[in-house]
Amino acid sequence: MKYSRILGTGSFLPKKILKNADLEKIVDTTDAWIVERTGIRQRHIVSEGENALTMAESAGRQALEAAGLMPKDVDMIIVATTTPIKTFPSTACYLQKSFGIGGCPAFDLNSAACSGFIYGMSIADQYIRQGTIKTALVIGTEVMSAILDWTDRSTCVLFGDGAGAVVLGASDKPGILSTHIHADGSYEDVLSLPIMERKMRSEESIFLQMSGNRLFKLAVNILGDLFEETLAANSLKKSDVDWLIPHQANIRIIQGMAKKLDLPMDRVAVTLDEQGNTSAASIPLALDKVVREGKVKRDQLLLLESFGGGLTWGSALVRF
Ligand code: COA
């Protein structure tokens, strides 16, 4: 078994929807500004009883069903989240308990922020390629609504809640061709969630902090280089890529990346308009959407890419 392959995908979105018009009543913003500057029209928000774990479980079960597997078939659980129900035990451990499959490794990846899902895929891929495990469940799940300052128009309009999942399994047929993960801590001040720092100072407000404009420019440069690195590592050309499955932060960034790849927008998975930025959940949510719509076909070449707090960034080139 030389490769890990995507065997199934799944997702979960809370029913409650917050439209841009609803935000106009909360902060000094307009639907027109949000749509023009970001592409976002609405986002899903958790209700009572929903959290990172419940959403992860729904998305995970759906991915397993799509793969034709049972929880007992899972050899590793990785949950990418910056908004776990507890710092520890991990969301992955709780999920393992719900699945009744104690014993296999289960852990959260919260430090890679929006890149957490790609980091998780990369780790699971290494274990599967080495033959240590056969099947991994990789999930991104986020309750971004819980860490937003709802009086700050520059951040609260951007994010949403949700979860997405993939099941990776060992295969002789090419699946994940390569993953590329990076970080540069010198940009630590661009995007952060200073939970412990604030707690130590007994400050009550613990919110995501972001320098949006700087991040925008960094993302555009970083992702361009990342595409080149990813394609060169596989001796492939941009014309070989069938689908771009990008992190959903801003439609202008996504359009710029599609242009770099010479891909028309109907070959780009976009959920941003309906879901906002769901951080670590955005890529598996976008992937699941185009898979369930029947748009992505088996053996097509997918380029998944992300960037987020850290800075962290990463890609996965996948023969679907
Ligand atoms: N409604 C109306 N006006 C807003 C606003 C809102 N929700 N948010 C910010 N503004 C205002 C600013 O106050 C500023 O006003 P000023 O010119 O009077 O000072 C003006 O809009 C422009 O702000 P700026 O931050 O330069 O806008 P922008 O074009 O860069 O768009 C982002 C802001 C956040 C949408 C954009 O920078 C972005 O998407 N960055 C990347 C963020 C990202 O990727 N985050 C997630 C990473 S995982």
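1. Start with the serine pair: in this predicted model, the side chains of Ser-306 and Ser-115 make a polar contact at 3.3 Å. Ser-306 sits in strand E12, and its relative accessible area is 0%, so it counts as buried.

2. What does Ser-306 touch, leaving aside residues up to four places away in sequence? Besides Ser-115, the set takes in Cys-114, Ile-118, Leu-223, Leu-226, His-247, Ile-283, Thr-312, Trp-313 and Gly-314. Two of these names, Cys-114 and Ile-118, come back at the domain contact in point 6.

3. Now the strand itself. E12 covers residues 301-308 and runs parallel to E11, with four bridges joining the two. One pairing to look up in the viewer is Pro-246 of E11, whose bridge partner in E12 is Glu-305. E11 spans residues 243-246: Trp-243 and Ile-245 point one way, Leu-244 and Pro-246 point the other way, and all are buried. Both faces of that strand are therefore covered, given that buried means under 20% relative accessible area.

4. Helix H5 is next. Residues 116-130 make up its 15 residues, and the first-to-last C-alpha distance is 21 Å, close to the 21 Å expected at 1.5 Å a residue. Just after the helix, Gly-131 has a positive phi of about 85°.

5. Which residues of H5 are buried? They are Gly-116, Phe-117, Ile-118, Tyr-119, Gly-120, Met-121 and Ser-122, then Ala-124, Asp-125 and Ile-128. Ile-118 from this list is also a contact of Ser-306, while Tyr-119 is touched by Ala-183.

6. On the domain level, the chain divides into domain 1 (3-172) and domain 2 (177-319). Their C-alpha centres lie 14 Å apart, and the contact takes 54 residues from domain 1 and 46 residues from domain 2. Between them the domains bury about 3,800 Å², with 60% of it on carbon and sulfur atoms. Which three residues supply more of the area domain 1 buries against domain 2 than any other three? Cys-114, Ile-118 and Tyr-119 do, at 17%.

7. A last one to check is Ala-183, placed in strand E8 (residues 176-183). Buried or exposed? Its relative accessibility is 54%, so Ala-183 counts as exposed. Still, Ala-183 touches Tyr-119, Leu-311, Thr-312 and Trp-313, not counting residues up to four places away in sequence. Thr-312 and Trp-313 also appear among the contacts of Ser-306. As for Asp-149, it is 34 residues from Ala-183 in sequence and 26 Å away in space, C-alpha to C-alpha.

Definitions and conventions: Residues are numbered from 1 along each chain as its sequence is written. This is a predicted model: local features need pLDDT of at least 70, side-chain atom pairs count only at pLDDT 80 or more; totals for chains, interfaces and linings use all residues. Side-chain values use heavy atoms; hydrogens and water are left out. The expected span of a helix is 1.5 Å times one less than its number of residues. Buried means under 20% relative accessible area, exposed over 50%, partly exposed in between (1.4 Å probe, protein chains only). Two strands pair if DSSP finds at least two bridges between them. A polar contact is a pair of N or O atoms within 3.5 Å; within protein, one must be able to donate a hydrogen and the other to accept it, and residues adjacent in sequence count only if both atoms are side-chain atoms. Contact means heavy atoms within 4.5 Å. Domain bounds come from an automatic or database domain assignment. Buried area is the accessible area (1.4 Å probe) that two parts lose on being put together, summed over both.
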